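This report describes a single protein chain, moving from its strands to its helices and then to its largest pocket. Please read it alongside the sequence and the coordinates.

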Amino acid sequence: FPHNYDNFAVSFLNTLVETVGEQQVGEILKKQWQRKAAEYQLRLGKGSLGERMRKLLEIRQEEGYMAELVALEAENSYVLAEHHCAIAEVAGSYPSICGHELEMFALLLPDCTIERTHWINQGEQRCGYLIKCKG
């Protein structure tokens, strides 16, 4: 069965912007990502970086991202690539969501630096994140 979830979500956010303003919607989206980060944190736990990255990959795949994880030769460095964005339509209209996603990864992995290397919203084929352990 076809679905129209993306259009509904974008339309709903547009209605919120018209009703309460762009700044308030930005705050709502930020709180949503903070909630999501807390849920992720419970699932990730406190294992090694490799264990946490594998759990993060699993979560993202469960949510509809066509995600893959590549361990780099540099110790404790990974690339998380997402070839399909589960929220692409919403992110196209509200790209700040992607910024919150980057913030969420940083909250989840405070012992790492996170850098976006690829971004679907800039015409690339995937979103990619370089994750390096600080220590």
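## Strand β2 and its partners

S77 has its place in strand β2, where helices (H or I, at least four residues) and strands (E, at least two) are DSSP runs numbered from the N terminus. This is a predicted model, in which local features need pLDDT of at least 70 and side-chain atom pairs count only at pLDDT 80 or more, while totals for chains, interfaces and linings use all residues. Residues are numbered from 1 along each chain as its sequence is written, and side-chain values use heavy atoms, with hydrogens and water left out.

With a relative accessible area of 7%, S77 is buried; buried means under 20% relative accessible area, exposed over 50%, and partly exposed in between, for a 1.4 Å probe and protein chains only. Once residues up to four places away in sequence are set aside, S77 touches V70, A71, L72, I131 and K132, contact being defined as heavy atoms within 4.5 Å. The strand as a whole follows suit, because five of the six residues of β2 are buried, so β2 is largely enclosed by the rest of the structure.

Strand β1 (residues 67-71) pairs with strand β2 (residues 77-82) in the antiparallel sense over five bridges, two strands being paired if DSSP finds at least two bridges between them. Within this pairing, A67 has E82 as its bridge partner, and E68 stands opposite A81. The two strands form a hairpin with five residues between them, and N76 in the turn has a positive phi of about 55°. β2 is also joined to β4 by six bridges, again in an antiparallel arrangement, and here A81 stands opposite G128. A81 is therefore placed opposite E68 in β1 and opposite G128 in β4.

## The loop between β3 and β4

G123 has its place in the loop between β3 and β4, and with a relative accessible area of 59% this glycine is exposed. G123 and D111 are 12 residues apart in sequence, yet their C-alpha atoms are 30 Å apart in space.

## Helix α3 and its surroundings

Does the length of helix α3 agree with what its residue count predicts, and what covers its buried side chains? At 1.5 Å a residue, the 14 residues of helix α3 (residues 49-62) should span 20 Å, and the C-alpha atoms at its ends are 20 Å apart, which agrees; the expected span is 1.5 Å times one less than the number of residues.

The buried residues of α3 are L49, G50, R52, M53, L56, L57, I59 and R60. What covers them includes α2, β1, β2, α5 (96-108), β3 (112-118) and β4 (127-133). After α3 comes G64, whose phi is positive, near 105°.

## Helices α2 and α5

Q34 is found in helix α2 (residues 22-44), and at 39% relative accessibility Q34 counts as partly exposed. The C-alpha atoms of Q34 and E68 are separated by 23 Å, with their positions 34 residues apart along the chain.

H100 lies in helix α5 and counts as buried at 11% relative accessibility. Leaving aside neighbours within four places in sequence, H100 is in contact with G26, L29, K30 and W33.

## The largest pocket

The largest pocket has a volume of about 430 Å³. On a 1 Å grid over the protein atoms alone, a pocket is an open set of points with protein on both sides within 12 Å along at least five of seven lines, and its lining residues have an atom within 4 Å of a point; grid points are joined across faces, edges and corners, and the volume is the space filled by probe spheres set on the points. Of the 16 lining residues, the closest to the centre are L29, Q32, I87, V90 and I97. The elements that give two or more residues to this lining are α1 (5-20) and α2, and α1 gives the most, with six residues. By class, the lining has 13 nonpolar, one polar and two charged residues, where Ala, Val, Leu, Ile, Met, Phe, Trp, Tyr, Cys and Pro count as nonpolar, Asp, Glu, Lys and Arg as charged, and the others, Gly among them, as polar.

I87 lies in the loop between β2 and α4 (88-93) and counts as partly exposed at 23% relative accessibility. Not counting residues up to four places away in sequence, I87 touches W33, Y65 and I97. I87 and D6 are 81 residues apart in sequence, and their C-alpha atoms are 7.3 Å apart in space.

Definitions and conventions: On a 1 Å grid over the protein atoms alone, a cavity is a set of points where a 1.4 Å probe fits but cannot get out, and a pocket is an open set with protein on both sides within 12 Å along at least five of seven lines; lining residues have an atom within 4 Å of a point.
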